[in-house]
Amino acid sequence: MNYIRPRVYSSMLSYCSRFHPPTLKLHTKMITAMHISDTMLSGLIDQANRELDSSNDYLSLSLWFSDQELPGSATWCRTHSEEERTHALKIFDHIVKRRAKGALVKPVGTTKPFNFESPADAWEFAMKSEQNNSQEIHKLMSLARKEEDWTSDTLLQWFVQEQLEEESAIEDIYTNAVNVLKTKGLYRQYDEKIKHKEH
């Protein structure tokens, strides 16, 4: 019987491995485009309802500005209310497309008084609401990447960019409103320009 010395056998394995490297088994969660976890589904449903809540907030702001006879601000908020509702539908449509079950409209947050001392206070409320919404979207984005849910990740990237634009637009309006009041300027003159501002 022929025996191969250990050193020779080891050398042969090393030589062969150069041409036949071992197969690497990569750990992946293998999530399909349609798959969505219960946690992510719940998060998206909550976010859709936050968008609806935001839509109602802007409608209420529009009515408040109308009461103050500030049609420019009222028009801007009314238009933005419709945009926020579109955002909610975008999320709900995404859920339906993935054949996920359980999506429904439900109340979120608490009832707000909408009783402001000045137009600047109203815009400050809107600005803080957008900032809070951005934080919630960022949490969902982190969850999507943790779960390697790239389908949700793609959806949420759109919302991240949208929030950047919305925060920027409202902060600009708020800052100008504050400056107008500080200089004892007439807000009604500035109001005429607001309806033409970006959303």
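**Exercise 1. The overall fold**

Which pattern does the protein chain follow when read along the sequence?

*Solution.* Start with the ground rules: this is a predicted model, in which local features need pLDDT of at least 70, side-chain atom pairs count only at pLDDT 80 or more, and totals for chains, interfaces and linings use all residues. Residues are numbered from 1 along each chain as its sequence is written, and side-chain values use heavy atoms, with hydrogens and water left out.

Now read along the sequence: the pattern is α-α-α-α-α-α. The protein chain has six helices and zero strands. Both are DSSP runs numbered from the N terminus (helices: H or I, at least four residues; strands: E, at least two).

Next, take the totals. Of the 199 residues in the protein chain, 39% are buried (buried means under 20% relative accessible area, exposed over 50%, partly exposed in between, with a 1.4 Å probe and protein chains only). Among contacts (heavy atoms within 4.5 Å) between residues at least 6 apart in sequence, 78% join residues at least 24 apart.

**Exercise 2. Two partners of α5**

Find how α2 and α3 each pack against α5.

*Solution.* Two packed helices are described by the angle between their axes and the distance between the axes. Axes are lines fitted to C-alpha atoms, for helices over the stretch in contact, and angles run from 0 to 180 degrees between N-to-C directions.

Step 1: helix α2 (residues 38-67) packs on helix α5 (residues 150-182) at about 25°, with the axes 13 Å apart. That makes α2 roughly parallel to α5 (under 35 degrees is roughly parallel, over 145 roughly antiparallel, 65 to 115 roughly perpendicular, and the rest oblique). The contact brings M40, L44, E51 and Y58 of α2 to S152, L155, L156, F159 and I170 of α5. By class, its residues are seven nonpolar, one polar and one charged (Ala, Val, Leu, Ile, Met, Phe, Trp, Tyr, Cys and Pro count as nonpolar, Asp, Glu, Lys and Arg as charged, and the others, Gly among them, as polar).

Step 2: helix α3 (residues 71-97) and α5 pack at about 170°, and their axes are 12 Å apart. That makes α3 roughly antiparallel to α5. Here the classes are seven nonpolar, five polar and five charged residues.

**Exercise 3. Checking a helix length**

What span should the 28 residues of helix α4 have at 1.5 Å a residue?

*Solution.* The expected span is 1.5 Å times one less than the number of residues. For α4 (residues 119-146) that gives 40 Å, and the end C-alpha atoms are 41 Å apart, which agrees. After α4 comes E148, with a positive phi near 55°.

**Exercise 4. Three residues to inspect**

Are D57, F65 and L70 buried or exposed?

*Solution.* Take D57 in helix α2: its relative accessible area is 9%, so D57 is buried. Leaving aside neighbours within four places in sequence, D57 contacts K112, F114 and F125.

F65 also lies in α2 and is buried, at 0% relative accessibility. Beyond four places in sequence, its contacts include L70, P119, A122 and Y187. F65 and A122 are 57 residues apart in sequence and 8.7 Å apart in space, C-alpha to C-alpha.

L70 sits in the loop between α2 and α3 and is buried, at 4%. Among its contacts beyond four places are F65, P119 and Y187. L70 and Y190 are 120 residues apart in sequence, yet 9.8 Å apart in space, C-alpha to C-alpha.
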